[in-house]
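Me: I'm new to this one and would like to learn how to read it. Could you walk me through it a piece at a time?

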Amino acid sequence: MRSKLVAGNWKMHGGMAQNQDLLGAIVAGTAALRNAGFAVCVPYPYLAQTQTLLRDTPIQWGAQNVSQYDKGAYTGEVSAAMLMDFGCRYAIAGHSERRALYGEDSRTVALKFKATQAAGLIPILCVGETLDQREAGITEQVVAEQLDAIIESAGINALVQSVLAYEPVWAIGTGKTATPSQAQDVHAFIRDRIAAHSPEVAAGLKILYGGSVKANNAEELFAMPDIDGGLIGGASLVADEFIAICRAANN
Ligand code: PEP
């Protein structure tokens, strides 16, 4: 039985005072929830603050991106080892905003995935199709290519120490959520594709759904058999929304 995970992706939002209030509220609001895991992926400058505020709580934290390199002349980059220094558990790899806005292709994402794991972190690997790709009927092909790039580069067993997030690009930040059955179809496709390599890896892998998950749709999404929680953008910035989503995963 896979336990559920809810991870917030703050994107480029936050501020010292605001974070303190938000994290304090999340800690208090999730204190009684024992059946699921919770995490927040914050901007790099707030990792130290997040570590201080969450270190004695069950909530874990992580980054939204990571360099594919260990160290060197890579101005502006942050390595996975540096994230470990701040107690991170997770790093998101291949978020669609990084693929689209910063030109990260599947090869680069695979390198980031491997660098994350090599340092002892758990990558949250994002895959998903654009609206054009969905309308062209190539959702599965797109998701398969994104997934296969990781399997070919890191090997199927690398997925054991990872989390996947299916995030249809057309649903991210748009208020348009995939219906539970649309999401379930793609989650099942992903799990089947992995099962073709290793049924054990597929059975144990957490596959989160991301794309306009809110308090009012989380429960029906999380009720789907292959949806193991959520990667939450906008709603992770609103304490009551995020806590309600965590509660839905805990049920
Ligand atoms: C995300 O940033 O990964 C995301 C799913 O955003 P939102 O929940 O705002 O659609």
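Reply: We'll go from the ligand outwards to a loop and then two helices. Keep in mind that this is a predicted model.

Me: Let's start with the ligand, then. How many residues surround the ligand, and which are the closest?

Reply: A good habit is to list the neighbours before looking at single atoms. Here 14 residues surround the ligand, and the closest are K11, E167, G173, S212 and G234. Sorted by kind, the shell has four nonpolar, eight polar and two charged residues.

Me: Which backbone or side-chain atoms lie by an oxygen atom of the ligand?

Reply: Look for N or O atoms within 3.5 Å, the cut-off for a polar contact. The side chain of K11 has an N or O atom 2.8 Å from a ligand oxygen. G173 uses its backbone instead: an N or O atom there is 2.6 Å from an oxygen of the ligand. A backbone N or O atom of G233 is 2.9 Å from a ligand oxygen. As for cover, the ligand taken alone exposes 290 Å², and the protein buries 98% of that.

Me: Now the loop between β4 and α4. Is H95 buried or exposed?

Reply: Compare the relative accessible area with the cut-off: buried means under 20%. H95 has 5%, so it counts as buried. You'll find it in the loop between β4 (90-93) and α4 (96-101).

Me: And what is H95 in contact with, leaving aside its neighbours within four places in sequence?

Reply: Those contacts are N9, K11, C126, E167 and I172. With E167 there is also a polar contact of 3.3 Å between the two side chains.

Me: On to helix α7. Why does its end-to-end distance agree with its number of residues?

Reply: You work out a span at 1.5 Å a residue and compare. Helix α7 (residues 139-154) has 16 residues, so it should span 22 Å; its end C-alpha atoms are 23 Å apart, which agrees. Just after α7, G155 takes a positive phi of about 90 degrees.

Me: What covers the buried residues of α7?

Reply: Find the buried residues, then see what packs on them. Among those in α7 are V142, V143, L147 and I151. The cover includes α4, α5 (106-118), β5 (122-127), α6, β6 (163-166) and α8 (180-195).

Me: Last one: where does L131 lie?

Reply: L131 is in helix α6, residues 131-135. At 35% relative accessibility, it counts as partly exposed. Sequence distance and spatial distance are worth reading together: L131 and P168 are 37 residues apart in sequence, yet 7.9 Å apart in space, C-alpha to C-alpha.

Conventions:
Residues numbered from 1 in each chain as written. Predicted model: local features only at pLDDT ≥ 70, side-chain atom pairs only at ≥ 80, totals over all residues. Heavy atoms only, no water. Helix = DSSP H or I, 4+ residues; strand = E, 2+ residues; numbered from the N terminus. Buried < 20%, exposed > 50% of the residue type's maximum accessible area, 1.4 Å probe, protein only. Polar contact = N/O pair within 3.5 Å; in protein donor to acceptor, adjacent residues only side chain to side chain. Contact = heavy atoms within 4.5 Å. Expected span 1.5 Å × (residues − 1). Near = heavy atom within 4 Å. Areas by Shrake-Rupley, 256 points an atom, 1.4 Å probe, with all protein chains shown as cover. Nonpolar A, V, L, I, M, F, W, Y, C, P; charged D, E, K, R; others polar.
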